[in-house]
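The following paragraphs lead the reader through a protein structure, from its overall make-up to individual residues. Please keep the sequence and the model in view while reading.

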Amino acid sequence: MQVVAALHGMVAAKSIHMVKNFAPNVPTTVIGDRYRVEHIISNFVSNACKFSPRGGEVVVSVTSRNAGAFAEVTVTVSDQGCGISPENQEKLFRNFVQIRPSALQKGQGSGLGLALCKAIVDLHEGSKIGVRSEEGRGSSFYFTIRFPVDAPRVGGGGGGAAYAPNTATATTASLLRAAPSGYGTGR
Ligand SMILES: Nc1ncnc2c1ncn2[C@@H]1O[C@H](COP(=O)(O)OP(=O)(O)O)[C@@H](O)[C@H]1O
Ligand SMILES: [Mg+2]
């Protein structure tokens, strides 16, 4: 779980127990923008760790609803942190919102993380992003993106690209293992 490896310092310092949970029908390979998807997961995991109590558990679950050539993949990151009130849950995905700009998170993050996650998710047709949370009990952030499972062919031969521009083959199961370097822990 390299997304987690990038957050290793915070995970170790707070003795956070990381659990990952993949449903067996999650496809091995989907077509999508791997780096953007990793960015969302990384944001969710870093927030979950940031707001977790010492020794808390952070669970990353991946499920899929398979529909022909598509897989509707849902990634959920749950924590046992402070939770978020219903009023604040509505604001979270707007730019520069920090619910608790207090000592707790002074100098940490910009309040842009979730707004960027929403912008990325919204670029995908039929996608959604959201949160379920109860104050004092923890939060679960989730997103669902509908990925083609097979490569869409573009062009009619002539040595052109086999995949649409700006797409990359991403192995869903490897998303959590293979984050690029350079992810900070701040957002
Ligand atoms: N897992 C979480 N538990 C509690 N509060 C959270 C969680 N994730 C996000 N938040 C709240 O949502 C705000 C916005 O998150 P985000 O957009 O990622 O900004 P940042 O991490 O830069 O503060 C955070 O400042 C925090 O108040
Ligand atoms: Mg953040």
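Two strands are said to pair if DSSP finds at least two bridges between them. With that in mind, one may look at Val131, which stands opposite Phe141 in S6. The model in which this is seen is a predicted one.

The overall make-up of the protein may be set out next. The secondary structure amounts to 6 helices and 7 strands. Read from the N terminus, these elements follow one another as α-α-β-β-α-β-β-α-α-β-β-β-α. The protein has 187 residues, of which 31% count as buried. Among the contacts with a separation of 6 or more, 72% are made by residues 24 or more positions apart.

The strands offer a suitable point of entry. In what order do the strands of the open sheet lie? The sheet has 5 strands, the order is S1-S3-S4-S6-S5, and the pairing is mixed. Its edges are formed by strand S1 (17–22) and by S5, each of which pairs on one side only. From one strand to the next, the twist averages 15°.

Helix H3 packs on this sheet, where it touches strand S3 (57–67), strand S4 (70–79) and S6. The direction of H3 makes about 15° with that of S4.

Within the sheet, the pairing around S6 can be followed residue by residue. On one side, S4 and S6 run antiparallel and are joined by 10 bridges. Here Asp79 has Ser139 in S6 as its bridge partner. Strand S5 (residues 128–134) also pairs with strand S6 (residues 138–148) in the antiparallel sense, over 7 bridges. Gly130 stands opposite Tyr142 in S6, and the bridge partner of Ser133 in S6 is Ser139. Ser139 is thus the bridge partner both of Asp79 and of Ser133. S5 and S6 form a hairpin with 3 residues between the strands. In this hairpin, Gly136 takes a positive phi near 85°.

Helix H3 also has a helical partner. How do the axes of helix H3 (residues 34–50) and helix H5 (residues 113–122) cross? They come within 10 Å and cross at roughly 150°, and the crossing is left-handed. H3 contributes Arg36, His39, Ile40, Asn43 and Asn47 to the contact, while H5 contributes Gly113, Leu114, Cys117, Ile120 and Val121. By character, the residues of this contact divide into 5 nonpolar, 4 polar and 1 charged.

A final stop is Asn25, found in the loop between S1 and strand S2 (30–32). Is Asn25 buried or exposed? A residue counts as exposed if 12 or fewer other C-beta atoms lie within 10 Å of its own. Asn25 has 10 other C-beta atoms within 10 Å and is therefore exposed. Leaving aside neighbours within four places in sequence, Asn25 is nevertheless in contact with Ser64 and Asn66. Val62 lies 37 residues from Asn25 in sequence, and the C-alpha atoms of the two are 9.7 Å apart in space.

Terms used:
Residues numbered from 1 in each chain as written. Chains lettered and ligands numbered in written order. Predicted model: local features only at pLDDT ≥ 70, side-chain atom pairs only at ≥ 80, totals over all residues. Helix = DSSP H or I, 4+ residues; strand = E, 2+ residues; numbered from the N terminus. Buried ≥ 20, exposed ≤ 12 C-beta atoms within 10 Å, placed from the backbone. Contact = placed C-beta atoms within 7 Å. Axes fitted to C-alpha atoms, helices over the stretch in contact; angles between N-to-C directions. Left-handed = near helix turned anticlockwise from the far one by under 90°. Nonpolar A, V, L, I, M, F, W, Y, C, P; charged D, E, K, R; others polar.
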